[in-house]
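Subject: Structure for you to look at, with notes

Dear colleague,

I am passing on the structure below and would be glad if you could read the notes that follow with the coordinates open beside you.

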Amino acid sequence: MKCRHCASELRCDFLDLGFAPPSNAYLTKDALSKPEVYFPLRLKVCEECWLVQTEDYASAETFFSSDYAYFSSASRSWLDHASRYTDMITKRLGLSNESMVIEVASNDGYLLRNFVAAGIPCLGIEPTDSTAEAAEAQGIPVLRKFFGEELAKSLVSEGRTADLILGNNVYAHVPDINDFTRGLKAALKSEGTITLEFPHLMELIEHNQFDTVYHEHFSYLSLFTVQRIFEQAGLRVFDVEQLTTHGGSLRVYGCHDTDQRPTLESVQQIIDEEAARGLRAKTVYAGFQQKAEAVKNDVLRFLLQAKQDGKTVGAYGAAAKGNTLLNFAGVKPDLLPFVCDAAAAKQNKYLPGSHIPVVHPDEMGERKPDYVVILPWNIAEEVKLQLASLAEDGAKFVTFVPQLLVE
């Protein structure tokens with residue numbers, strides 16, 4: 001396999017999570033009696049540009065289908081994050097009713113609805129019909145296509161270039177990251193700004209976040225690598241912020257390489273920190289497999305002991321990261337009978353691979369399990385507040401990543 005960015009041969013292995021179905025391919029009851037498609041879930045590291053990437057087995061269309069079940073608006077904390085971003089970037093760039101904002105992977109309108117409310121013209125680009133329909137119902141114009149250079153050039157031909165192009169948690173999801181980045185450049189006005197948010201590879205390694213690995217994530221990104229990809233496309237990273245979202249993310253600010261804005265010190269500071277943490281050395285990747293397997297073993301020990309002790313267990317959050325963990329550990333409904341989720345698109349369905357039923361959050365209060373496993377550990381505090389009454393009745397909250405924690 002060749003590197004998706006620089007085409008160097010990939011020789012360095014990083015992580016092998018076995019075989020798993022697409023993490024957002026939730027199943028109906030009828031589908032349980034039919035064959036289920038599994039793909040190898042393995043990561044490799046390019047020793048030239050240090051892009052961490054999944055092995056190639058399927059196209060993006062395989063993972064982002066018309067009934068895609070991830071709806072961003074299901075998380076209150078994520079909605080708040082989007083609202084704060086909109087206020088900040090509107091002031092920073094001086095956006096107005098004469099500006100144009102394009103969001104790539106606009107999902108269900110969780111963010112663009114803020115621009116609509118402010119009277120700032122916008123366009124969402126979203127290939128999945130299920131989420132696009134939810135956005136359109138809020139008055140958000142949506143183009144139902146995958147983004148890349150060809151689509152960007154068609155937007156330019158229609159006079160639809162952007163003062164701001166934003167993409168939250170999409171940069172890691174594109175199979176051809178070079179084509180995507182060239183598309184960003186093509187659709188950007190001469191003095192326009194790009195902001196991209198994505199999980200930071202440094203945090204993934206530092207905090208053993210192996211469960212954020214799934215097929216829909218084609219790339220795992222450091223700032224060093226993103227800067228290199230931008231430069232090849234004629235763009236420049238001029239600022240960067242470290243965020244707490246998704247266990248530790250970066251928000252990069254990009255512009256054309258001819259833009260007069262200076263590159264801020266924050267960019268080199270984070271690149272230097274990545275180097276100090278060993279992100280451009282093979283050794284830091286070599287021991288990660290053992291850390292992931294240690295968590296897997298703890299998961300099984302905990303669930304088996306709970307069953308032996310006659311304790312009841314339920315999970316909250318039918319998240320992609322939870323599916324990665326459960327399939328890696330081989331957990332089935334005998335050890336974890338149900339998972340609650342607020343997204344209606346997931347309710348009354350079954351988790352891919354494990355076939356654990358997904359139910360309405362009200363069932364957590366009705367069943368009152370002894371242990372509540374919070375699969376999306378990145379919003380654990382939000383979930384604990386929602387389920388505080390269970391804790392008052394004696395239930396304990398459990399998270400598995402970065403290590404087993406029962407409280």
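In this predicted model, strand β5 (residues 122-125) is covered on both of its faces, with C122 and G124 buried on one side and L123 and I125 buried on the other. That division fits the usual pattern, since in a regular strand the side chains alternate between the two faces of the sheet.

Which strands does β5 pair with? It is joined to strand β4 (residues 101-104) by 4 bridges, the two running parallel, and V104 is the residue that stands opposite I125 of β5. On the way from β4 to β5 there is helix α3 (residues 112-117), and these three elements make a right-handed β-α-β unit. β5 is also joined to strand β6 (residues 142-143), again in the parallel sense, by 2 bridges, and here V142 of β6 is the bridge partner of G124. The chain crosses from β5 to β6 through helix α4 (residues 129-136), and this β-α-β crossover is right-handed.

A separate point concerns an open sheet in which 4 strands, with antiparallel pairing, follow the order β1-β2-β3-β9. The strands at its edges are β1 (12-20) and β9 (219-220), each of which pairs on one side only. Between β1 and strand β2 (residues 39-45) the antiparallel pairing extends over 6 bridges, and one of the bridge partners to look for is K44 in β2, which is matched with D13.

The residue to which I would draw your attention next is R236, which lies in strand β10 (residues 235-243). What surrounds this buried arginine, given that R236 has no salt bridge? The nearest side chain of opposite charge is that of D259, at 4.5 Å, and a salt bridge would require a side-chain nitrogen of the arginine to be within 4 Å of a carboxyl oxygen. D259 nevertheless takes part in another way, in that the side chain of R236 reaches the backbone oxygen of D259 at 2.9 Å. In addition, a polar contact of 2.7 Å joins the side chain of R236 to that of T263. Leaving aside residues up to four places away in sequence, R236 touches a set of residues that includes F230, Y253, H256, D257, R261 and P262, and both D259 and T263 belong to that set as well.

Finally, there are some backbone details that you may wish to inspect for yourself. As background, most residues other than glycine have a negative phi, and most peptide bonds are trans. The bond between V401 and P402 is a cis peptide bond, with omega about 5°, and P402 is placed in the loop between β16 (396-399) and β17 (405-406). N208, although not a glycine, has a positive phi of about 55°, and this residue is found in the loop between α7 (201-206) and β9. N348 is likewise not a glycine and has a positive phi, here of about 65°, and it lies in the loop between β13 (339-340) and β14 (358-359).

Are these two asparagines buried or exposed? N208 counts as buried because its relative accessibility is 8%, whereas N348 counts as exposed because its relative accessibility is 67%.

With best wishes

Terms used:
Residues numbered from 1 in each chain as written. Predicted model: local features only at pLDDT ≥ 70, side-chain atom pairs only at ≥ 80, totals over all residues. Heavy atoms only, no water. Pairing = 2+ DSSP bridges. Buried < 20%, exposed > 50% of the residue type's maximum accessible area, 1.4 Å probe, protein only. Right-handed = clockwise from strand over helix to strand, strands pointing away. Lys, Arg positive; Asp, Glu negative; His and termini not counted. Polar contact = N/O pair within 3.5 Å; in protein donor to acceptor, adjacent residues only side chain to side chain. Contact = heavy atoms within 4.5 Å.
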